[in-house]
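Q: I would like a close look at one part of this protein, the paired charges on its side chains. Please go through it step by step.

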Amino acid sequence: MSDKPLSDAVAAGWEIVSYSATDYSGETYQHNILLRRQGQHRILNIRKKMLGDGVVVTNLEV
């Protein structure tokens, strides 16, 4: 997975429908983006790794 998962999703044809950010453990934000493409929906969850550099990305099919 790239270090720019949202840019990759948009480049693949996904449209951003909605966005929210949640305070995750008081130090890091968890970003939730609802995406849509051809009638399909997906939630892209992005947060910074607890240890080390980079991000943790979770794709949830809706």
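Is Arg 36 buried, partly exposed or exposed, and at what relative accessibility?

A: This is a predicted model, and what follows describes that model. Arg 36 counts as partly exposed, because its relative accessibility is 32% and partly exposed covers the range between under 20% and over 50%.

The partner of Arg 36 is Glu 15: the two form a salt bridge, and their closest N and O atoms are 3.2 Å apart. This pair links distant parts of the chain, since Glu 15 belongs to strand E1 (residues 15-24) and Arg 36 to strand E2 (residues 28-37), 21 residues apart. Glu 15 has a relative accessible area of 40%, so Glu 15 is partly exposed too.

By the rule used here, the count of salt bridges comes to two. The other one is between Arg 42 and Glu 61, with the closest N and O atoms 3.1 Å apart. Here again distant parts of the chain are linked: Arg 42 is in strand E3 (residues 40-48) and Glu 61 is in strand E4 (residues 55-61), 19 residues apart.

The two ends of this second bridge fall into separate classes. Arg 42 has a relative accessible area of 19%; the cut-off for buried is under 20%, so Arg 42 is buried. Glu 61 has a relative accessible area of 56%; the cut-off for exposed is over 50%, so Glu 61 is exposed.

Now for the setting of these pairs. The protein has one helix and four strands, and along the sequence they follow the pattern α-β-β-β-β. The C-alpha atoms fill a box of roughly 35 × 20 × 15 Å along the principal axes. Of the 62 residues in the protein, 21% are buried, and Arg 42 is one of the buried residues. The protein exposes about 4400 Å², and carbon and sulfur atoms supply 50% of that area.

As for contacts, take those between residues at least 6 apart in sequence: 17% of them join residues at least 24 apart. The partners in the bridges described above are 21 residues apart in one case and 19 residues apart in the other.

Finally, the charges as a whole. There are 7 positive and 7 negative side chains in the protein, and the centres of the two sets lie 4 Å apart. Among the charged side chains are Arg 36 and Glu 15, which form one salt bridge, and Arg 42 and Glu 61, which form another.

Note on methods
Residues are numbered from 1 along each chain as its sequence is written. This is a predicted model: local features need pLDDT of at least 70, side-chain atom pairs count only at pLDDT 80 or more; totals for chains, interfaces and linings use all residues. Side-chain values use heavy atoms; hydrogens and water are left out. Helices (H or I, at least four residues) and strands (E, at least two) are DSSP runs, numbered from the N terminus. Buried means under 20% relative accessible area, exposed over 50%, partly exposed in between (1.4 Å probe, protein chains only). Contact means heavy atoms within 4.5 Å. Accessible areas come from the Shrake-Rupley method with a 1.4 Å probe; for residues, only the protein chains shown count as cover. Lys and Arg count as positive and Asp and Glu as negative; His and the chain ends are not counted. The place of a charge is taken as NZ of Lys, CZ of Arg, CG of Asp or CD of Glu. A salt bridge is a side-chain nitrogen of Lys or Arg within 4 Å of a carboxyl oxygen of Asp or Glu.
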